[in-house]
Number of protein chains: 2
Amino acid sequence: MTGPDNLSQSPTVNRDEHDDSENGSVTLAVSTVILALRKKEGESQSSLWLPLVRRLREPYKGQWALPGGPLPSDLSLEQAAGSTLKRATGLVPGYLEQLYAFGDVLRTPDHHVKRDGGPLTVPAADEAPANRTVSVVYWASIPATEVSRTRVHENIRWFPLDELPVLAFDHNEIIEYAKYRLQNKVEYSRIAHSFLGEEFTLAQLREVYEAILERPLDPANFRRQIAASKSIIDTGRRVEGTRHRPPRLYRYDHSQAFSDQGPLGMYRAAEHAKAEGSKTQ
Amino acid sequence: MTGPDNLSQSPTVNRDEHDDSENGSVTLAVSTVILALRKKEGESQSSLWLPLVRRLREPYKGQWALPGGPLPSDLSLEQAAGSTLKRATGLVPGYLEQLYAFGDVLRTPDHHVKRDGGPLTVPAADEAPANRTVSVVYWASIPATEVSRTRVHENIRWFPLDELPVLAFDHNEIIEYAKYRLQNKVEYSRIAHSFLGEEFTLAQLREVYEAILERPLDPANFRRQIAASKSIIDTGRRVEGTRHRPPRLYRYDHSQAFSDQGPLGMYRAAEHAKAEGSKTQ
DNA sequence: ACAAAAGTGTTGCGCGTACACCCATGT
DNA sequence: ACATGGGTGTACGCGCAACACTTTTGT
């Protein structure tokens, strides 16, 4: 299948990641899917919402898109995502993680306009796009306590995840993937806490799970699962003023490890331990 | 925490991913962690190996590094990873998936030289690196049937994953993360098959799992687990010439869905179904 | 007293693990 | 016949889902 003539290409073997040659017109951008829990008008159950930014330029002028921008050369990818987040919402995230790097040639606006519904095809070499963009996309969660403080801006609006308009670029698919990843992650990790404030009741935590997984959970079994994971600590205090038995208040146990946060997990875990004064591993 | 003066920065809100301004000297590269099963000299058990490329330039001249190079402007990230793979090994991968986008400012060679073992620190604004590189890293598996046909090249060498030298850049950490991701994935997905050829025995498949997970598995239970997953089909034929009961030959059932392959999973699944003539969903 | 949600107890099922045991082949 | 790995049967334990039941508050 691969003949010996491959050896004739061997000069390219040693082109490495710090070689600038042939690095055409590729732009590197960072966008963020910012997720938070909110209630829709008149509903009692929370659901996932996210802020979008209206585009003021072509292409896709006037349509909504994920907040983002080109990578500043003095920031890491994650720092850039965090700065985007701050610009778009003014809020502090509870969690931030890389989602995926999108780099299909077809993402460029030209091709999007051209193919209008037709099948996906690999572009011929001679029609290489002039304006190629690779986006590294992050996703973030916003604690419910922060959400109310969202800054208001004419060109920024929050949408329910299940009532999105048609967005610019491939942003609908990206958000769909973010939701998929979050649904997976919530089952084996402990991100759910990052959608809440410092203290919360079990019912509130369960509501986070239910909003993300889009199905009701048994309160009794949920309680035991969370207890078994040892991820929360009883503060001893309770919420009063409800018209039923007052629920306990818990807080997240930061001393417990978090599981996969990408390759930098260990560094961050170490920083956490330092900040908390308790060390793991 | 974030005052109202944030609004004064609002002009930046609408900088989007197709805005070229302020996109300094950031280079975009694609590298690939290429994994295959091999036996070490004199051992009967297989283990994970990968090919590395010797650097012919500074920085890290003479040291080993992941195969890769700058992203050609006419290729998608995945295509670039595949082309790297072909250049480095001449072989066809069984599986290819995005691992992570590495974009820390500290990855640049200058900073690596500077910090020699010291604590990680964020660089001051005035010492922004001149040569910033973001790497999108993929990982690939090579079927055992292909491995023997590896092309020989002076500056390419295969190493056992657990006997790596000190590599260029942060490539040791990247490979460690690839291994971690593979170990996770092998438990809930069906990638293991991609390390084998079209037909294989259960013992061979089990050997893949054992090499990846680095622990022995019970043959009896392994058989039932795989059978329950319905991922393989009995070809009816057997391997003869062994000095014991002849094992059945199986092949992978491509008609079954694969689970998470990143956001493009659905597209690829659709292509697969088309190629196989059987459709799911 | 009653509603409503907090919180506990109990049971059954499925799955992974451990391990005893039989099967088929080459030497 | 016997060694060797292929392949089957069985039993235990844990974790999860279902759901009945008790507790504690406000009205």
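In this predicted model, K230(A) is exposed, with just 10 other C-beta atoms within 10 Å, so it falls under the cut-off of 12 or fewer. K230(A) sits in the loop between α6 and β9 (232-238) of chain A. It isn't a glycine, yet its phi is positive, at about 55°. Chain B tells a matching story: K230(B) lies in the loop between α6 and β9 (232-238) of that chain and has a positive phi of about 55°, again without being a glycine. K230(B) counts as exposed because it has 10 other C-beta atoms within 10 Å.

Another backbone oddity turns up at a proline. Most peptide bonds are trans, but the one joining E58(A) and P59(A) is cis, with omega about -5°. P59(A) belongs to the loop between β2 (46-54) and β3 (64-65) of chain A. In chain B, the bond from E58(B) to P59(B) is cis too, with omega near -5°.

Chain A has seven helices and ten strands, and 32% of its 281 residues are buried. As for the inside, the largest nonpolar core holds 106 residues, and those touching the most other members are V33, I34 and L35 of chain A and V33, I34 and L35 of chain B. Away from its sequence neighbours within four places, V33(B) contacts several residues, including L50(B), L99(B), W139(B) and A178(B).

Then there's the DNA. Strand C is surrounded by 19 residues, the closest being A203(A), A220(A), H244(A), A220(B) and R245(B). The surface near strand C is made up of seven nonpolar, five polar and seven charged residues. At least two residues each come from α5 (202-213) and α6 (219-229) of chain A and from α6 (219-229) of chain B.

Definitions and conventions
Residues are numbered from 1 along each chain as its sequence is written. Chains are lettered from A and ligands numbered from 1 in the order in which they are written. This is a predicted model: local features need pLDDT of at least 70, side-chain atom pairs count only at pLDDT 80 or more; totals for chains, interfaces and linings use all residues. A nonpolar core is a set of buried Ala, Val, Leu, Ile, Met, Phe, Trp, Tyr and Cys residues joined through C-beta atoms within 7 Å. A residue is buried if 20 or more other C-beta atoms lie within 10 Å of its own, exposed if 12 or fewer, and partly exposed in between; C-beta atoms are placed from the backbone. Two residues are in contact if their C-beta atoms, placed from the backbone, lie within 7 Å. A residue is near a molecule or strand if its C-beta atom, placed from the backbone, lies within 6 Å of it. Helices (H or I, at least four residues) and strands (E, at least two) are DSSP runs, numbered from the N terminus. Ala, Val, Leu, Ile, Met, Phe, Trp, Tyr, Cys and Pro count as nonpolar, Asp, Glu, Lys and Arg as charged, and the others, Gly among them, as polar.
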